[in-house]
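Notebook open, model loaded. I want to look up a few contacts and surfaces before lunch.

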Amino acid sequence: MTSPSPHSAHMANAPLRPLPALIFASRWLQLPLYLGLIAAQGVYVWHFLLELWHLVEAAFGHEAALQALITSIGYKPDTPVTSLNETVIMLVVLALIDVVMISNLLIMVIVGGYETFVSRLGLDRHPDQPEWLGHVNASVLKVKLGLSIIGISSIHLLKTFINAANYSEKVLMWQTIIHVTFLFSALAIALTDRLLHTSEDKH
């Protein structure tokens, strides 16, 4: 194993020229974007807790909470709903799962994006470091985001099918087509990433 030459060590420690230093420092302009996503996650947490509280209230017979749930999930039954039924509970729970999956997507973008494009987080020895963060890069992040979007789309599609009576055939058809498009897009990204890694390994 050869030690680095004095020239290479000097190049590694040499300060950047003003223009490259400015261009490289411009990555910090993304910091407000990630802080904004953290604020958006706070809004999702508030929405989740509010919907959960309405569900608990409706379970104890609170009429206003029940109507708030029915409005939020877009449920339009043929007869007025006076108490929780299985369909309403299922749609509310799916909506809560949807919020959780979107929140997971936000965490992936915030943590993985910041680590990849802005600055290291220094979590190597942290006991709660996400397993996927140890080998994250732009390519891996794209695949994981694609899979997360498919999961979110699946939840939306399931909610639509459960509440299919309130949607037209055109809406059902297009939601299915969009979901399949997301699926093929994620498969294409994953296949492209695999081919690139195979090509790099051969070289």
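How many salt bridges does a search of the whole structure find? I ran it and got one. Note to self: this is a predicted model.

Entry on the salt bridge. I looked up the partners, and they are E115 and R120, whose side chains meet at 3.1 Å, N to O. Next I checked how covered each partner is. E115 has a relative accessible area of 13%, so I put it down as buried, the cut-off being under 20%. R120 comes out at 63%, and I call R120 exposed because that is over 50%. So the bridge I found joins a buried E115 to an exposed R120.

Entry on the helices. I pulled up α3, residues 31-59, and α5, residues 86-117. The two pack with their axes 10 Å apart, at an angle of about 165°. That is over 145, so I wrote down α3 as roughly antiparallel to α5. I also looked up the handedness, and the crossing of α3 and α5 is left-handed.

Entry on the surface. I went looking for nonpolar patches and noted one of about 620 Å². Its members are V45, L49, L52, W53, V56 and F60. I picked L49 for a closer look, and L49 lies in helix α3. Is L49 buried or exposed? Neither, as I read it: a relative accessible area of 46% falls between the 20% and 50% cut-offs, so L49 is partly exposed. That value is also over the 30% that a patch residue needs, so L49 clears that cut-off.

How values were computed
Residues are numbered from 1 along each chain as its sequence is written. This is a predicted model: local features need pLDDT of at least 70, side-chain atom pairs count only at pLDDT 80 or more; totals for chains, interfaces and linings use all residues. Side-chain values use heavy atoms; hydrogens and water are left out. Patches are made of residues with over 30% relative accessible area and no salt bridge: like charges are joined within 9 Å, nonpolar side chains (Val, Leu, Ile, Met, Phe, Trp, Tyr) within 5 Å. Accessible areas come from the Shrake-Rupley method with a 1.4 Å probe; for residues, only the protein chains shown count as cover. A salt bridge is a side-chain nitrogen of Lys or Arg within 4 Å of a carboxyl oxygen of Asp or Glu. Helices (H or I, at least four residues) and strands (E, at least two) are DSSP runs, numbered from the N terminus. Buried means under 20% relative accessible area, exposed over 50%, partly exposed in between (1.4 Å probe, protein chains only). Axes are lines fitted to C-alpha atoms, for helices over the stretch in contact, and angles run from 0 to 180 degrees between N-to-C directions. Angles under 35 degrees count as roughly parallel, over 145 as roughly antiparallel, 65 to 115 as roughly perpendicular and the rest as oblique. A crossing is left-handed if the near helix is turned anticlockwise from the far one by less than a right angle, and right-handed if clockwise.
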